[in-house]
Amino acid sequence: MNKAVTIDPTQAAADAVQHPQALLELAHGEARQSLLTVHGILEARLPEGELSIYEAGGGSTSFLPLKVLRRAHVTVVDIDEDQIRNNDYAQEAILGDIQTHRFKPNSFDLVICYNVIEHVPDVEAALLHFCEALKPNGMVLIGAPNPRSLSGVVTKYSPHWFHVWFYRHVRGDKKAGLPGHAPFPTLFHPLVTLTNLEAFAEQHGLQMIYRKQYESPRYPEMRLRMPAFAVLVDAAARVMNLFLSARTDVRHGDYHVILRKR
């Protein structure tokens, strides 16, 4: 059942200023550069005036640029009460399931689904609802891990306790695994794979206007926090790349995609 949660919009607006800066404290690298490119596209392509934005799954950090966030009415839907409680920048929060929750057609200028679809059993249902809820020329921003990367394969075939250990001892996140805090169980529905996502977009009237696979931010984090361990991981990645096509890098553990509704 979906349940609305009241959020103080004055406090949300004040707190929202901090989120994009916190996000851009990512270690310098491909992830940060791609996110800056995403911000530029959103600022240039979204319509002027007040924006209506649907965030499908949302915790404590906004992935919107400040210029967009300051003129947006953000509605977040998340199945986790703790995640809803951690969100302090949305004007409206709904405790619900993005696979089944539906909005009126043509409701939103932008749908954001960031680090979410890898955890969803029925990604197709969620994406179809996104398409329905978008206005003409509206956009969908998806940020997700690459299941075919080194980190994707490790995530897929390792137990969840190992993910928690990695977040706590390699990333230094002492709250990892606690209620409302990553990592969350990862399912990797076939549509999370980028080629399948591209095919889905083409079939459902979505134009891909940005597509970028990039080195997972976990690599620069490891190089800073655990340099000896990072040397071993980088060496293993280089050896794997020798046996793959020239355009493949197993360190490309994440991607950004922006789709536009035709």
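Where does proline 183 lie? In this predicted model, proline 183 is placed in the loop between α8 and α9. The peptide bond that leads into proline 183 from alanine 182 is cis, with omega near 5°. Phenylalanine 188 is also placed in the loop between α8 and α9. The phi angle of phenylalanine 188 is positive, about 55°, although the residue is not a glycine. With a relative accessibility of 9%, phenylalanine 188 counts as buried. A positive phi of about 55° is likewise found at asparagine 115, again not a glycine. Asparagine 115 belongs to the loop between β5 and α6 and, at 37% relative accessibility, counts as partly exposed. Most residues other than glycine have a negative phi, and most peptide bonds are trans.

The average pLDDT of the chain is 88, and 90% of the residues score at least 70. Residues 4-18 have a pLDDT below 50; in the model this stretch makes 21 contacts beyond near neighbours in sequence.

Across the whole structure, 10 salt bridges are found. One of them joins arginine 102 to glutamate 132, with 2.6 Å between the closest N and O atoms. Arginine 102 is in the loop between β4 (92-95) and β5 (108-114), whereas glutamate 132 is in helix α6 (residues 123-133), so the pair ties together parts that are 30 residues apart in sequence. Arginine 102 counts as exposed, at 53% relative accessibility, and glutamate 132 as partly exposed, at 24%.

A salt bridge is also formed by the side chains of glutamate 221 and arginine 171, at 2.9 Å from N to O. Because glutamate 221 lies in helix α10 (residues 218-225) and arginine 171 in the loop between α8 (160-169) and α9 (194-203), this pair ties together parts that are 50 residues apart in sequence. Glutamate 221 has a relative accessibility of 18% and counts as buried; arginine 171, at 26%, counts as partly exposed.

Helix α9 contributes glutamate 198 to a pairing with arginine 211 of strand β7 (residues 206-214), so parts that are 13 residues apart in sequence are tied together. The closest N and O atoms of this salt bridge are 2.9 Å apart. Glutamate 198 is partly exposed, with a relative accessible area of 27%, and arginine 211 is partly exposed, with 38%. In addition, salt bridges link Glu215, Arg223, Asp234, Asp249 and Arg251 in a network.

Lysine 261 is part of strand β8 (residues 254-261). The residue is buried and has no salt bridge. Which side chain of opposite charge is nearest to lysine 261? That side chain belongs to glutamate 132, 8.5 Å away, and a salt bridge requires a nitrogen-to-oxygen distance within 4 Å. Glutamate 132 is itself the salt-bridge partner of arginine 102. Leaving aside residues up to four places away in sequence, lysine 261 touches Asn106, Cys131, Glu132, Leu134, Lys135, Pro136, Asn137, Gly138, Gly205 and Leu206.

Glycine 96 is located in the loop between β4 and β5. At 6% relative accessibility, glycine 96 counts as buried. Its C-alpha is 19 Å from that of serine 52, and the two residues are 44 apart in sequence.

Technical notes. Residues numbered from 1 in each chain as written. Predicted model: local features only at pLDDT ≥ 70, side-chain atom pairs only at ≥ 80, totals over all residues. Heavy atoms only, no water. Helix = DSSP H or I, 4+ residues; strand = E, 2+ residues; numbered from the N terminus. Buried < 20%, exposed > 50% of the residue type's maximum accessible area, 1.4 Å probe, protein only. Lys, Arg positive; Asp, Glu negative; His and termini not counted. Contact = heavy atoms within 4.5 Å. pLDDT = per-residue confidence, 0-100.
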